[in-house]
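Biologist: Please take one helix of this chain and go through it closely. I would like to know which of its residues are buried and which are exposed.

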Amino acid sequence: VHTISQEDENSVLSLAASRQYLFSGSQSSKIHVWDLQTFTLVATLEGHRGSVLGLSISKDQKWLFSCSGDGTIRVWDTGTLKCTYSIVSCHDVGDIFSIVYSEKSNTLFFGSQNTSIQWYSFDDPQTRGSTTGVPVLPITPRNSQKLKFFEGPGMLECEITDNFDEDVIKCVVREKNVHLNAHDGYVYSIKVLIHLNLGSGDGDVKIWIIIDGTLKYLQTLVGNSDKGVLSLALSEDGYLFCGVQGGDVQESKLLGVVKMCVKDDVLAVALKGPGLVSASADGTTKIWSQGFEFRESLDEHSGAVLALTTTGNYLITGSSDHSIKFWDLPSTRNRERHVCFTLHTLNHFFLDTFLYVLEKWVAMRTVGGNPKYMEECRRGARFLKNVLQQLGAVSRMIPGECGRNPLVYGKFTGKTSPDPSKKTPTVLIYGHYDVISAEDEKQEWNSDPFKLTGKNGYLYGRGTSDNKGPILSCIFAVNELLNEGLLDVNVIFLIEGEEESGSVGFFEGVNKHKELFADVDMILLSNSYWLGEDVPCLTYGLRGVIHASVTVSNPRADMHSGVEGGAISEPLIDLIHVLGKIVDNDKKILIPGFYDNVRPVTDTEEQPLALDAEKLKYDLMARWRYPTFTVHKIDVSINNPTIIPRSATAIVSMRVVPDQSIAEICEQFKNHVRNAFEDNVSENNISIDIQSASEYWLGNPQSEYFKAVENAIEEEWNVKPLYIREGGSIPAVRWLEKFCNAPAVHLPMGQASDQAHLHNERIRLRNIHAGRRIVKRLL
């Protein structure tokens, strides 16, 4: 369900997960900390000077333990993400491969390259900073030589200072806590249940009893000396699973061995649900049933899978291909709604269910305005209606124009005020489920546009940002308020399927069902993007738009240019002449009267744009504030390099601003085009078709509704939003304001780089979470 690519291009050697974070140990000596809600990097823990070979978390999830190729162990506070203790041995242990903490004895055990088992008790006075009786460390060659294993380009060398350790308590393992030569090979893996279990390069597994903080040898499970035990997993009912060299996974309960064959060295094993997961050097991760039967192979990695861990519904794999992958195993999916949520479980429930719904919805090719996808659009609309119903809304579909996509209506009913004289407020949330086409003819998409793909904290796919992701975020926000008993307003969702085609049939469909939209107090939409990447925005203005076509044609057939060229008036040349008389070289529109009613720029508008860079100010005003004329494409009756087409059609648009009149602009445009055509001596005819038009929208940034959204944004992002206008158009906004007699507020969720309408459309998961919380606060 998601992939994280480590930017330092070092192998992922170890993994451990809490409810909040994933910790990944790197070949570069760093520990990366990832937020499990947003799959983004939140911190990098530095201090080790060698590869981080092992990670472990205490059961209460307060402490993270790391061991390294530098021969040291570090203990990190998972709340502050700071190193608290640094632990070293009184011997030169070499690489420390494995580490485990026993809550019962408050002791840390580790296995290392020098074949020893060692342990450190946190009841030792050193842990409280006391230096009484601390062993003196001998000088070893290890302090001045490079490390043996997993050396990488990001490795910290020994000349680095100890700046990381200013506040770290330094502890030393005492001689009495060392069991030398515990194995005849490296101690690769170590686990604790009731006893201590060690897996070694000598092929054996040894079991030790922990008594009063010391170890007593109990038993050896004899293996194959040619097949070292590289990894261990231990179930609560006493089954021990061993991943070994050469490709075996062995299971033992002191009664025998079951072998599950894998092609290559089994580098990691983990328990997931009733079954087992194994990872191997051939890059595959295999799922095994409770009865040890092979179920499935996960083979998305391009390198050896070096580490496994689990949290919630996720299986997480780390590889030498520098990536971490999150897998949602279907057998463990739990969608039961009637549970008592904590903050963490609520966030995980949202993410799990949200991703599930969005994945299904993105896969539906709800491309608007194309008869080829009409049934797929209707399927997408029915799916959304069912989602609304399952999340607590009364939902239905509203027919649009005949042969076009329906609208989806859903209403969540808020709590009734105890004061009968007070009306429960109603908020209308508008959006759309149609998307533009995404045929990848030029192979510009990095993944299937109609398959939700998670990578580096972003969700990729057509509609993720425009507009399926933000709409689902709003729906889940309302559902959470409903479940928490905090929904104090009625919320109506109105989701159309023709927004990308000029909202064909939208106005008629809503008008026929006006009783569903009575007493709306506020309109909210989230169908745009920030000005940049890091600062949240609040949109208070959109330009209107007029879509039109200009066609020059004659009744003759298409003709051969070698025969008729120069003897007839060519429609395409006439059309080009007309278009050339609409905009001059300075981008000024030459239609008479076009600028007459443009509202003058006010000081209030100028103030937010008091920028140092005058060109940037000019560019923003040109994009947001002034009207434009655009030629989108020219079509001809026949596309052949030797033929004179009998007709040529230009598809054009005009963006209009306050206080331009749509009707007046349309009439001025028609007159100017006809006059320009008449200036030519031509045998052809010209026709002008106004295909659709929508008004500009300008909100009031000083209103209580904008201020309420502003406050909700500031609480979430700890910064005031930028108030911006946009050059694009959303036909329904101004119409809904008039229809409902209620003001609209536009809350952008996406970033400027979301690539809406382009290849590799995406939205950041952090923004989806933030948008959900902002809508909750607002409501």
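Modeller: What follows describes helix H10, after a few words on the whole chain.

This is a predicted model, in which local features need pLDDT of at least 70 and side-chain atom pairs count only at pLDDT 80 or more, while totals for chains, interfaces and linings use all residues. Residues are numbered from 1 along each chain as its sequence is written, and side-chain values use heavy atoms, with hydrogens and water left out.

The chain has twelve helices and 47 strands (DSSP runs numbered from the N terminus: H or I of at least four residues for helices, E of at least two for strands). Of its 779 residues, 55% are buried (buried is under 20% relative accessible area, exposed over 50%, partly exposed in between, with a 1.4 Å probe and protein chains only).

H10 covers residues 704-717. Its 14 residues should span 20 Å at 1.5 Å a residue, and the end C-alpha atoms are 20 Å apart, which agrees (the expected span is 1.5 Å times one less than the number of residues). Buried in H10 are Phe706, Val709, Glu710, Ala712, Ile713, Glu716 and Trp717. These residues lie on the same side of H10 because they cover an arc of only 165° around the axis (the arc of the directions from the helix axis to the C-beta atoms). Glu704 and Glu715 are exposed, on the face of H10 turned away from the buried side. After H10 comes Asn718, with a positive phi near 60°.
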